[in-house]
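Let's take a walk through a protein model together. Have the picture open beside you as you read, and look for each piece as it comes up.

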Amino acid sequence: MTQPRRVTAPSDPAAGRVAAALRAPRLCIERISPQVDHGRCPAKATVGQALAIEADIFMDGHDQVAAQVIWHEGAVAQALPMRALGNDRWRVEAVPQGAGRCRFTIEAWLDRWGSFRHGLARKAAAGVPIKLELEEGRALIREAAQQPGPAAGSLAALSRELATLDDSRTLDLFLGEATAALMRAGEPRRFVTRSQPELEVEVERTRAGFAAWYELFPRSCTRDPARHGTFDDVIARLPAIKAMGFDVLYFPPIHPIGASNRKGPNNSLKAGPGDPGSPYAIGSSEGGHTAVHPQLGGIEAFRRLHAAAGEAGIEIALDFAVQFSPDHPWLRDAPHWFAYRPDGSIRFAENPPKKYQDIVNCEFYADSRPDALWQALRDVILHWVDAGVKIFRVDNPHTKPLPFWQWLIEDVRGRHPDVMFLAEAFTRPAMMYRLAKIGFSQSYTYFTWRNTRAEFIEYLTELTQGPPKDFYRPHFFVNTPDINPYFLQTSGRAGFVQRAALAATLSGLWGLYSGFELCEAAPLPGKEEYLDSEKYQIRVRDWNAPGNIVGEITRLNHIRRENPALQSHLGLTFLQCDNDQVLYFAKHVPDRSNYLLVAISLDPHQAQEAYFDVPLAELGLPDDGALEVEELMRGERFTWRGKRQHWRFVPWELPLAIWRVKPA
């Protein structure tokens, strides 16, 4: 017999390349999600919420493949079988059980029994002789029975049973799901391929993705503008905040305020004897970032408030502002952490042409011991964590070094995985996204400046369909002490209801700064700022003032708690209606067991009407199907029949509708 001619000599480099090619993966695992920057940064998830893991998985030929996710949570690893979605896309859902860093990788292999079973079923259905195929199946089972593992005994028993069965009963066993399950557990896997690199997921507690925030200045919780409010006054306000449905109470800085260059009303350069100054000018002879302003009642009053808020189910969030009054103790104790001008004077904070004479910044890369500065700032966070605070709103993080934030957040969360950080970063998109990638749990957004239907659709599509969906949690604040939106300055009461509804239904995270519920909007002329800003003076309010929207806010927060579809910005689909002044969308959980349709008029001045299509096909119904509908804002129940529906929005009554729907 003629021997084949040797093509390459043993020393030929081609032989090594052939060997390498034979060892190369035969299966392909591509387009893995969630995945952030090719695995360089972790994706985000929350405890108890299903995290969808998907990938394209395929191989050559017509054989079947199988796949699983190896999910590591702490020291525990589990294999999660993936299911085929079609067109080579595979999926499984992991449900994290605790806060911390999780890891996962995807394994795929040739599914010999699945391939055999698929081909056998087709041949049997076509009437093709299958005697040899049945013998192949018996051989596969005998081979699997010889592998060590929990299924070996059952497979050996099955192999013995097959020797006693005729072809018809053997065929039934081979096509049965029980045999398939045994073979999945015991069959030797060939061409196993594992994705690289291992990917990480930062898992945080529920409030990282679903919460309603209420911001107030504790010093304004008073009925007398001449009397500084205290934390005990805030305790008296807690029942009203809880009744509105808020579960996070956030304070601007609560520390001593410097006297040097103190600002007066409306940011004036001259402060009067009784002016309290800006709380962002942190530090005085009474202490710095770890001290409490004496007029608020000191640390003991803070502890009383923290305990009372906890009993009410409200969590306290503090502002972490890395800025200093010229009177801050660190300027005395560590002057090398700050910058000085050529004449030796301290360099004030500025954003030309703006200048902040009551604030100085530290030097993160000072010539002398910057590591000590970084650690001291980290210790400020740890001090308040020890006091029970687990949420920090970080002021202007985009103006401080990214390596500092990444180190600080990793260090703190390594000790306390339940600590959360909100980035107050109204800046360029790339920077906002980068802050999320390096660890910030949530971020302020451009929501405040989105007003038209086209703007909302474009922005929310970016957040929910693009790469940010895996790492960026948008927090929709409707206003802040710094931002009095132009829209609200002229919208009247209806505009406040509209903005609250948009924030509360489009995102799992929303918040307001106190006074919003009273429809406060008096501006500094020509500016997106408040007249008589609370940043520079005490504001006394009548919380029961006529025209307030407390009832609407309360109802929105109640609806959010009762409907999981509203507890995330994901699960959003924009739908078509015939009026550009109406934003119409669906929010639903993955299995569509909670399905809401939301329509919000964007016109605060005129009544609007809209004809719109109901997505009956999404709910498994024909175009003439019937839906049971509950309008949640009004508490009305009725039935919709057919796709085409109509609604009228009257801004001075209620400029929105939230319909919870299910097949009739």
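A residue counts as buried when its relative accessible area is under 20%. Take Thr-427: its relative accessible area is 13%, so Thr-427 is buried. Keep in mind that this is a predicted model. You'll find Thr-427 in the loop between β17 and α12 (429-437). Leaving out residues up to four places away in sequence, Thr-427 touches His-398, Met-432 and Tyr-446.

**The cores**

Where do the greasy side chains go? In soluble globular proteins, nonpolar side chains tend to be buried together. Here the largest nonpolar core has 135 residues. Among those with the most contacts inside this core are Ile-57, Trp-71, Leu-249 and Phe-251. There is also a second, separate core of 22 residues, including Ala-586, Phe-612, Leu-616 and Ala-657.

**The barrel**

Next, look for a closed barrel of eight strands, running β11-β12-β13-β16-β17-β18-β19-β20 with parallel pairing. From one strand to the next, the twist averages 25 degrees. Zoom in on β11 and strand β12 (residues 248-251), which pair in the parallel sense over three bridges. Glu-215 sits opposite Tyr-250 in β12.

Helices lie across these strands too. Helix α7 (residues 231-243) lies across β11 and β12, at about 145 degrees to β12. Helix α10 (residues 370-386) crosses β13 (315-320), β16 (391-395) and β17 (420-424), and runs at about 165 degrees to β13.

**The open sheet**

Now find a sheet that doesn't close up: six strands form an open sheet in the order β21-β22-β23-β28-β25-β26, with antiparallel pairing. Its edge strands are β21 (572-574) and β26 (636-641), each pairing on one side only. Ignoring direction, neighbouring strands of this sheet are turned by 25 degrees against each other on average. Inside the sheet, strand β25 (residues 626-631) is joined to β28 by five bridges, and the two run antiparallel. Val-629 faces Val-661 in β28. Helix α13 (residues 453-465) lies across β21 and β22 (582-588), running at about 145 degrees to β21.

**More strand pairs**

Strand β3 (residues 51-59) is worth a stop. Seven of its nine residues are buried, so β3 is largely enclosed by the rest of the structure. β3 pairs with strand β1 (residues 27-33) and with strand β7 (residues 89-94), as the table shows. The table also has the pair formed by strand β24 (residues 608-613) and β27.

| Strand pair | Sense | Bridges | Residues opposite each other |
|---|---|---|---|
| β1 and β3 | antiparallel | five | Leu-27 and Met-59 |
| β3 and β7 | antiparallel | six | Ala-55 and Trp-90 |
| β24 and β27 | antiparallel | six | Gln-608 and Phe-649 |

Which residues of strand β27 (residues 644-649) point to one face and are buried? They are Gln-645, Trp-647 and Phe-649, while Arg-644, His-646 and Arg-648 point to the other face and are not buried. That fits a general pattern: in a regular strand the side chains alternate between the two faces of the sheet.

**A helix with a buried side**

Helix α15 (residues 550-562) lets you do a little check. At 1.5 Å a residue, its 13 residues should span 18 Å, and the end C-alpha atoms are 19 Å apart, which agrees. The expected span uses one less than the number of residues, which is why the multiplication works out that way. In α15, the buried residues are Glu-552, Ile-553, Leu-556, Asn-557, Ile-559 and Arg-560. These residues cover an arc of only 160 degrees around the axis, so they are on the same side of α15. What covers them includes β11 (211-215), α14 (486-506), β20 (509-513) and β28 (656-663).

**Backbone oddities**

Finally, a few spots in the loops. The peptide bond from Ser-33 to Pro-34 is cis, with omega near 5 degrees, and Pro-34 lies in the loop between β1 and β2 (43-46). Another cis peptide bond joins Gln-196 and Pro-197, with omega about 0 degrees. Pro-197 is in the loop between β9 (190-194) and β10 (199-204).

Asp-37 isn't a glycine, yet its phi is positive, near 50 degrees. Asp-37 is in the loop between β1 and β2, and is partly exposed at 23% relative accessible area. Asn-266 also has a positive phi, near 55 degrees.

Notes: Residues numbered from 1 in each chain as written. Predicted model: local features only at pLDDT ≥ 70, side-chain atom pairs only at ≥ 80, totals over all residues. Heavy atoms only, no water. Core = buried A, V, L, I, M, F, W, Y, C linked by side-chain atoms within 4.5 Å. Buried < 20%, exposed > 50% of the residue type's maximum accessible area, 1.4 Å probe, protein only. Helix = DSSP H or I, 4+ residues; strand = E, 2+ residues; numbered from the N terminus. Arc of directions from axis to C-beta. Contact = heavy atoms within 4.5 Å. Pairing = 2+ DSSP bridges. Axes fitted to C-alpha atoms, helices over the stretch in contact; angles between N-to-C directions.
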